[in-house]
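User: Could you walk me through how the parts of this protein fit together? I'm new to this, so plain words please.

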Amino acid sequence: MDTSPIIHKTADDWRVEPNLVDYEAECRSFSWDAIGRELTGLPSGVVNIAWHAVDRHAVDGAGERIAFRFLAADTPGRPVSYAQLRTQTNRFCNALRALGVGKADRLFILSGRIPELYIGLLGALKNGTVVCPLFSAFGPEPIATRVNLGTGTVLLTTDALYARKIAKWRDRMPSLKHVLLVAEDGGTTSEPGTLDVASLLRSASDLCEITPTTAEDIALLHFTSGTTGTPKGAVHVHGAVATHWATGKYALDLHATDIYWCTADPGWVTGTSYGTIAPLLHGVTSVVDQEEFDAERWYGILRNERVSVWYTAPTAIRMLMKAGADTAKRYPLTQLRFIASVGEPLNPEAVWWGKEVLGLPIHDNWWQTETGGIMIANTPAFDIKPGSMGRPLPGIEAAIVRHREDGGVEVINEPNMQGELALKRGWPSMFRGYLNNEERYRKCFVGDWYLTGDLAERDADGYYWFVGRADDVIKSAGHLIGPFEVESALMEHPAVAEAGVIGMPDPIIGERVKAFVSLNQGFEPTEALRMELLAHARTRLGAAVAPKEIAFQEQLPRTRSGKIMRRLLKARELGLPEGDTSTLEGGT
Ligand code: AMP
């Protein structure tokens, strides 16, 4: 745990009265039923994320408010009001119906942060269609794996991404009945075997009755990575909307007057829960930027768009720190009142840098794909202990648990003891399964506790401190990367006999993917082969997932049962103690 001084909060720090002022009192009086009442629903028990996020504002007379301001490099910002979003999502929903796509069919979305991504996502939810957003930085292999695991019926993408990543691979995705293309130049597309989104939207009616969905109907599918096996499709339901609302209120402190910027891509659960749903529920105006990180661009957006609440990630903050305080000083951010961050450990220096350079500390919070929403957070209501993820939000019960030999777990009550972070099941956005993998889902729970796979500590004041992952997954620039997926892609190359992939510490992006490979007979470990393997992995996996470094090794350490010992590879690479090597092949 860090010993950085505490950042004390007083009412003078607030530019508006926060939604959560008295943390302890709110935790005591909290109930999910009361949250449900705040979210006045559709009649007759229908719960639909898109209705709450979009249509409700038209009913409430707030339809003219701007929902999104879409920014791109060379075009003026494009504002879309809640009323326009309602019309467009109605059209998309009707377009799906005209194609015979119905409730429980699955729409995959592969695109940058363009308006059609958000229209498609929300329009499909109105149709009861399950939505699975994918990273546009994925290569063809992770895309095909996920579409096949999720038996996608429809793919919404752009003409350029289709040409680069889908066209040649389409017959490997036999469940896909329709491919809908957005022309990146704003025109129309005429690619054989696909449909043009602009034309579909033009010819669809803008009136639509939402398909009745219940709180337990599946709304979203988000793939996440584990240590072994294929990616896991975390299943989320429409009832998750209650968590999106509550956490938008407590952890992001959203007020309807806010201009809000969540920098996450909807290919990651943060970009869906907090880049799309939560801000719309709260009726705020969201800024969405299509471009990638650039320090000057980002400061320019924060200033010019008058962003008041900003939700970003540690890697981005560290890149801004690297760009220097002088750059920051050229962009006075007088409207900014709250900054939050998620996805990887946020070092205390970054929290302090926010306070000193931007005038506001960074509020770290914690959650994961499976939880569907923020669980532990630093809120405006209480002091920050830099380096800590904060405290469980009202409605969330967290604990540090120790595994018992009989397979059970016990809660560790003493402070500052390391164990696995666990959450008491029952919050509305808890994932309802891993797609087609009941066994893997069941293993995440012991009794009432959901086990997160993260190691953490809780201090005497109830603050949680991240220690590390309990498994081998890698967090690189916020992306959770399964080593198995990277190893499999490398093994497809004829030169590779075996591969072991680990995360190497990196001061900016947290961890950097490094692969160790041993070669088949007849291949020499040359520089040319190394470059070829790097290129092979990049083409297959895409830049976000591919290893940045490859090292040749004659033999990789294996357990007697044949599993590559990534933990040992990492310990050796970093010069750390090797720990228990009793299962090592050839060991004692
Ligand atoms: P994902 O499911 O891709 O969102 O990744 C979730 C994982 O990211 C968590 O299980 C943690 O390992 C890590 N993570 C998320 N937020 C934080 C945080 N604030 N501090 C440290 N690690 C985090």
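User: How far apart do the C-alpha centres of domain 1 and domain 2 lie?

Analyst: Keep in mind that this is a predicted model. The chain is split into domain 1, covering 11-458, and domain 2, covering 472-574. Between their C-alpha centres, the distance is 30 Å.

User: How many residues does the contact take from domain 1 and from domain 2?

Analyst: Here, contact means heavy atoms within 4.5 Å. By that rule, the contact takes 23 residues from domain 1 and 25 residues from domain 2.

User: Which three residues supply 29% of the area that domain 1 buries against domain 2?

Analyst: Start with the whole patch: about 1,800 Å² is buried between domain 1 and domain 2, and carbon and sulfur atoms give 56% of that. On the domain 1 side, three residues supply 29% of the buried area, more than any other three. They are E141, S225 and T227.

User: Which residue forms a salt bridge with E141?

Analyst: The rule finds two salt bridges across the interface of domain 1 and domain 2. For E141, the closest N and O atoms of the pair are 3.6 Å apart, which falls inside the cut-off of 4 Å. The partner is R540.

User: Which helices each supply at least two residues of the side of domain 1 that touches domain 2?

Analyst: That side of domain 1 is a mix, with nine nonpolar, nine polar and five charged residues. The helices that each give at least two residues to it are α6 (140-149) and α12 (314-323).

How values were computed: Residues are numbered from 1 along each chain as its sequence is written. This is a predicted model: local features need pLDDT of at least 70, side-chain atom pairs count only at pLDDT 80 or more; totals for chains, interfaces and linings use all residues. Side-chain values use heavy atoms; hydrogens and water are left out. Domain bounds come from an automatic or database domain assignment. Buried area is the accessible area (1.4 Å probe) that two parts lose on being put together, summed over both. A salt bridge is a side-chain nitrogen of Lys or Arg within 4 Å of a carboxyl oxygen of Asp or Glu. Helices (H or I, at least four residues) and strands (E, at least two) are DSSP runs, numbered from the N terminus. Ala, Val, Leu, Ile, Met, Phe, Trp, Tyr, Cys and Pro count as nonpolar, Asp, Glu, Lys and Arg as charged, and the others, Gly among them, as polar.
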